[in-house]
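I opened this entry to record what I looked up about pockets, one helix and a few single residues. My notes follow in the order in which I made them.

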Amino acid sequence: MSAVRVVRDAADLARTAAEHVAARAAEAIAARGRCNLVLAGGETPRAAYGLLASEAFAGRVDWGRVQFFWGDERCVPPDDPRSNYRTAREALLDRVRVPSENVHRIRGEDDPTGAAAAYDRLLRDMPGRFDLVLLGMGADGHTASLFPGHAAVRERVRLALAERMEPVDMWRVTLTPPAFNAARDVLFLVAGAGKAETLARVLEAPREPELLPAQSIAPAQGELTWLVDAQAAARLAQTARG
Ligand code: 6PG
């Protein structure tokens, strides 16, 4: 089941996303003693990560019971400004009490294929399912590092793989549709006018996941919510607005 939730602006999106993370984490920890949380890369989620680390959310999440994963990583060292791990570390992980053994970063500094194989094994050994996956979407319809026309979108067996992504001229390690679609809950965060046309195509045009990889995300037994700001929602048909 999928839903579209339109909020006023990027600040509202960050607040709503942080609330969603806190609520899902509390549910998972209460039910299963842990929360398997997959963080998104890029810039959009940064404000939500910062809010989760702020006084406003202090005490809302038992971070010691949250296991952190990433939906994708750029193949760069962990202290590189382009690293998705570094973004989350600076905005959230360094500001809340998380045991280092709970942080399962993709080793972007290693050989990409080896790092992907290690992450695939880690995901297969992980107790339980992903309780919440956060994803962003690029203006070309990519999500995580599933880019249009690249093999990763077609992957049906591996949970993580490495591929050189021409659009960004770099190697990436990404989780695959089978990995994302096994989650209990997936939350897309999409903001800004620059994504309005693509968002309308992803949500309302015929399904062509090879061209619009964000369309490959459809949890088999889970929730899917598109959390979008008014600018990104501007091209949606009225009926789609949550
Ligand atoms: C990455 C992300 C990528 C991102 C989108 C949107 O590694 O860059 O995984 O999929 O979510 O490109 O990025 P913005 O939030 O910066 O627009």
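**The second largest pocket**

I began with the lining of the second largest pocket, where the largest share, three residues, comes from S1. I keep in mind throughout that this is a predicted model. I then listed the elements that each supply at least two residues of this lining, and found strand S1 (2–7), helix H6 (196–204) and strand S9 (223–229). The volume of the second largest pocket came out at about 200 Å³. I noted that 13 residues line the second largest pocket, and that Ser 2, Val 202, Leu 203, Leu 224 and Trp 226 are the closest to its centre. By class, I wrote down 10 nonpolar, two polar and one charged residues for this lining.

I next looked at H6 by itself, and the residues I noted as buried there are Ala 196, Thr 198, Leu 199, Ala 200 and Val 202. When I asked what the buried residues of H6 pack against, I found S9. Val 202 therefore appears twice in my notes, as a buried residue of H6 and among the residues closest to the centre of the second largest pocket.

**The largest pocket**

I turned to the largest pocket, which has a volume of about 300 Å³. Its lining is made by 24 residues, and I marked Gly 41, Gly 42, Gly 136, Met 137 and His 142 as those that lie nearest its centre. Strand S4 (72–74) and strand S5 (132–135) are the elements that give two or more residues to this lining. I recorded the classes of the lining of the largest pocket as 10 nonpolar, nine polar and five charged.

**Helix H3**

I asked how many residues of helix H3 (residues 84–93) are buried. The count is seven of its 10 residues, and I noted the helix as mostly covered. The buried residues I wrote down are Asn 84, Tyr 85, Thr 87, Ala 88, Ala 91, Leu 92 and Leu 93. They lie on the same side of H3, because they cover an arc of only 155 degrees around the axis. As a general reminder to myself, an α-helix has 3.6 residues a turn, so residues three or four places apart point the same way.

I then looked up the packing partners of the buried residues of H3, which are strand S2 (35–39), helix H2 (46–52), strand S3 (66–70) and S4. At the N-terminal end of H3 I found a cap by Ser 83, which has a side-chain oxygen 3.2 Å from the backbone nitrogen of Tyr 85.

**Asn 84 and Leu 51**

I took Asn 84, which lies in helix H3, as a single residue to follow. Its relative accessible area is 3%, so I noted Asn 84 as buried. A polar atom of the side chain of Asn 84 lies 3.3 Å from the backbone nitrogen of Gly 42, and Gly 42 is one of the residues nearest the centre of the largest pocket. Leaving out residues up to four places away in sequence, I found Asn 84 touching Gly 41, Gly 42, Trp 70, Asp 72, Glu 73 and Arg 74.

For my last look-up I chose Leu 51, whose place is in helix H2. I noted Leu 51 as partly exposed, because its relative accessible area is 22%. With residues up to four places away in sequence not counted, Leu 51 touches Ala 14, Arg 15, Ala 18 and Phe 57.

Methods
Residues numbered from 1 in each chain as written. Predicted model: local features only at pLDDT ≥ 70, side-chain atom pairs only at ≥ 80, totals over all residues. Heavy atoms only, no water. 1 Å grid on protein atoms, 1.4 Å probe; cavity = no way out; pocket = protein on both sides within 12 Å on 5 of 7 lines; lining within 4 Å. Points joined across faces, edges and corners; volume = space filled by probe spheres on them. Helix = DSSP H or I, 4+ residues; strand = E, 2+ residues; numbered from the N terminus. Nonpolar A, V, L, I, M, F, W, Y, C, P; charged D, E, K, R; others polar. Buried < 20%, exposed > 50% of the residue type's maximum accessible area, 1.4 Å probe, protein only. Arc of directions from axis to C-beta. Contact = heavy atoms within 4.5 Å. Polar contact = N/O pair within 3.5 Å; in protein donor to acceptor, adjacent residues only side chain to side chain.
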